[in-house]
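Hi,

Here is the structure I promised to pass on. Have a look at it first, and then read on for my notes.

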Amino acid sequence: MTVVHMRIDNRLIHGQVTVKWVGAIGANHLIVTNDDVAKDEIQRMILPQAARGVRTSIFGVDDTLAYLAKPEAANEKIMVIAKFPSDALRLLDGGMTPQEINVGNQAPTPGTKFTMVTRSIAVTADDARIYRDIAARGPLTSKMMPNDKPADFVAMLTGKKL
């Protein structure tokens, strides 16, 4: 499997992803991963339109792992967009080995106790534990745009006492 980039971003596919990230990393297939999104017919219809012509799949976590195990996936440059850190961790637990893991945007979830780590990344205590588990497997960075200097996301969490 050739996952060139995994972005954790609960906004999923938006202009930043399709215009900047896809081109910068050379992705030719976007895979949105979240069990609830995969069951939502409206999102399954809208998200590929937002991808502006880039091949797009919307899968639950298990289906993402099954797809990545297929021989044809080895010939693709895949960008996985995990909606939540828990989705990303399940992918890693399932054997996915992305070349890069980046925390993009995480809008606050209503009704949760969160800390804003950046202007666009809200993190709960549970999220912080999951991010640290992800980082234990390899570098976990945060950068909004591909040409930004990557920031160590665990250091950012620590700086916010998470």
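Before anything else, a quick one to try on the model: does Asp-62 count as buried or exposed? It counts as exposed, because its relative accessibility is 54% and the cut-off for that class is over 50%. Do keep in mind throughout that this is a predicted model.

**Salt bridges**

Asp-62 is a good place to start, since it forms a salt bridge with Arg-90, with the closest N and O atoms 3.8 Å apart. That pair links distant parts of the chain: Asp-62 belongs to helix H4 and Arg-90 to helix H5, 28 residues apart.

Arg-90 has another partner too. Its side chain meets that of Asp-35 in a salt bridge, at 2.8 Å from N to O. Here again distant parts of the chain are linked, with Arg-90 in helix H5 (residues 85-93), Asp-35 in helix H2 (residues 35-39), and their positions 55 residues apart. As for accessibility, Arg-90 counts as partly exposed at 34%, and Asp-35 is also partly exposed, at 26%.

The count comes to nine salt bridges. Among them is the one between the side chains of Asp-126 and Arg-129, which is 2.1 Å from N to O. These two sit three residues apart in helix H6, so about one helical turn separates them. Asp-126 is partly exposed, given its relative accessibility of 48%, whereas Arg-129 counts as exposed at 53%. There is also a network of salt bridges that links Arg-7, Asp-9 and Arg-11.

**Around Gly-60**

Next, the glycine. Gly-60 is in the loop that runs between strand S3 (55-59) and helix H4 (61-68). Gly-60 is buried, because its relative accessible area is 7% and buried means under 20%. Which residues does Gly-60 touch, not counting those up to four places away in sequence? They are Thr-33, Asn-34, Asp-35 and Ala-38. So Asp-35 turns up twice in these notes, because besides touching Gly-60 it is partly exposed at 26% relative accessibility and has the salt bridge with Arg-90. For Thr-33 there is a distance to quote: its C-alpha atom is separated from that of Gly-60 by 5.4 Å, and the two residues are 27 apart along the chain.

**Aromatic pairs**

The count comes to two aromatic pairs. Phe-59 and Tyr-67 form a tilted one, 5.7 Å centre to centre and with 35 degrees between the planes. Phe-59 and Tyr-67 are both buried. Tyr-131 and Phe-153 form the edge-to-face pair, at 4.8 Å centre to centre and 70 degrees between the planes. Tyr-131 is in helix H6 (residues 125-135) and Phe-153 in helix H7 (residues 153-159), so this pair ties together parts that are 22 residues apart in sequence. Both of these residues, Tyr-131 and Phe-153, are buried as well.

**Strands and sheet**

What is the strand order in the open sheet of seven strands? It goes S3-S2-S4-S1-S5-S8-S9, and the pairing is mixed. S3 and strand S9 (151-152) are the edge strands, each pairing on one side only. Within this sheet, strand S5 (residues 101-103) and strand S8 (residues 141-142) pair in the parallel sense over two bridges, and Val-103 stands opposite Ser-142 in S8.

There is a hairpin to look at too. Strand S6 (residues 115-118) and strand S7 (residues 121-123) pair in the antiparallel sense over three bridges. S6 and S7 have two residues between them in this hairpin, and Thr-118 stands opposite Ile-121 in S7.

**A nonpolar patch**

Last item: the surface. Ile-42, Met-45 and Ile-46 make a nonpolar surface patch of about 310 Å². Met-45 lies in helix H3 (residues 41-50), and Met-45 is exposed, with a relative accessible area of 51%.

That's the lot from me. Over to you!

Technical notes: Residues are numbered from 1 along each chain as its sequence is written. This is a predicted model: local features need pLDDT of at least 70, side-chain atom pairs count only at pLDDT 80 or more; totals for chains, interfaces and linings use all residues. Side-chain values use heavy atoms; hydrogens and water are left out. Patches are made of residues with over 30% relative accessible area and no salt bridge: like charges are joined within 9 Å, nonpolar side chains (Val, Leu, Ile, Met, Phe, Trp, Tyr) within 5 Å. Accessible areas come from the Shrake-Rupley method with a 1.4 Å probe; for residues, only the protein chains shown count as cover. A salt bridge is a side-chain nitrogen of Lys or Arg within 4 Å of a carboxyl oxygen of Asp or Glu. Helices (H or I, at least four residues) and strands (E, at least two) are DSSP runs, numbered from the N terminus. Buried means under 20% relative accessible area, exposed over 50%, partly exposed in between (1.4 Å probe, protein chains only). Rings of Phe, Tyr and Trp (its six-membered ring) pair if their centres lie within 6.5 Å; planes under 30 degrees apart count as stacked, over 60 as edge-to-face and the rest as tilted. Contact means heavy atoms within 4.5 Å. Two strands pair if DSSP finds at least two bridges between them.
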